[in-house]
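Good morning, and thank you for coming. Please look at the sequence and the structure as I show them.

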Amino acid sequence: MDYEEIRALKQDIMASMHCALPGTIVSFDAEAQTAVIQPAVSRNGVQMPQLRDVPVFMPVSFEVNEGDACLVVFADCDIDAWFETGEAEVPASGRMHSLSDGFAFVGFRTRGIRSCFGV
């Protein structure tokens, strides 16, 4: 492989990797403490899919509403087994940095979207 081929391969790998994205709460399940989130970015002009059943980090109790801003952080591996049991588990698949394995951090105050504190 020459330099340009390696550079293109690196770009393809990085484009498919997910670490953290801003998002918007579509719906929140208070009992399960999970949300449906719409990533607030697009890839090449294409809207990313909604993320479903995302665990929400809530260090203090407050209301999470549709339209609230959040940050979605993607786990290094498949979180399904851990999310079901809460125990250290062998990942159910080889997924890495997948849109299926996000955690939502809510409570950010942005300039264009109200915060979940109503301020």
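I shall go from the whole chain to a few single residues.

Please note that this is a predicted model, in which local features need pLDDT of at least 70 and side-chain atom pairs count only at pLDDT 80 or more, whereas totals for chains, interfaces and linings use all residues. Residues are numbered from 1 along each chain as its sequence is written, and side-chain values use heavy atoms, with hydrogens and water left out.

Let us begin with the overall arrangement. The chain contains two helices and seven strands; these are DSSP runs numbered from the N terminus, with helices being H or I of at least four residues and strands being E of at least two. Read from the N terminus, the order of elements is α-β-β-β-β-β-β-α-β. The C-alpha trace spans about 55 × 40 × 20 Å along its principal axes.

How many of the 119 residues count as buried? The share is 29%, where buried means under 20% relative accessible area, exposed means over 50%, and partly exposed lies in between, with a 1.4 Å probe and protein chains only. About 7900 Å² of the chain is exposed, and carbon and sulfur atoms supply 56% of that area. Such areas come from the Shrake-Rupley method with a 1.4 Å probe, and for residues only the protein chains shown count as cover.

I turn now to the strands. Two strands pair if DSSP finds at least two bridges between them. Strand 1, residues 20-29, pairs in the antiparallel sense with strand 6, residues 69-74, over five bridges. Within that pairing, Gly-23 has Cys-70 of strand 6 as its bridge partner. Strand 1 also pairs with strand 2, residues 34-39, in the antiparallel sense, over six bridges. There, Thr-24 stands opposite Gln-38 of strand 2.

Strand 1 and strand 2 form a hairpin with four residues between the strands, and in this hairpin Gln-33 takes a positive phi near 55°. Most residues other than glycine have a negative phi. Gln-33 is not a glycine, yet its phi is positive. At 30% relative accessibility, Gln-33 counts as partly exposed.

His-97 is likewise no glycine and has a positive phi of about 55°. This residue sits in the loop between helix 2 and strand 7. Its relative accessible area is 12%, and therefore His-97 is buried.

His-97 leads us to His-18, which lies in the loop between helix 1, residues 3-15, and strand 1. Is His-18 buried or exposed? His-18 counts as buried because its relative accessibility is 11%. Its side chain reaches the backbone oxygen of His-97 at 3.0 Å. A polar atom of the His-18 side chain also lies 3.4 Å from the backbone oxygen of Ser-16. Not counting residues up to four places away in sequence, His-18 touches Arg-43, Met-48, Phe-74, His-97, Ser-98 and Leu-99; contact here means heavy atoms within 4.5 Å.

One of these partners, Ser-98, is in the loop between helix 2, residues 80-85, and strand 7, residues 102-106. With 15% relative accessibility, Ser-98 counts as buried. A polar atom of its side chain lies 3.0 Å from the backbone nitrogen of Ser-100. Leaving aside neighbours within four places in sequence, Ser-98 is in contact with His-18, Phe-74 and Ala-75.

Finally, Met-1 is found in the segment before helix 1. Because its relative accessibility is 71%, Met-1 counts as exposed. Thank you for your attention.

How values were computed:
A polar contact is a pair of N or O atoms within 3.5 Å; within protein, one must be able to donate a hydrogen and the other to accept it, and residues adjacent in sequence count only if both atoms are side-chain atoms.
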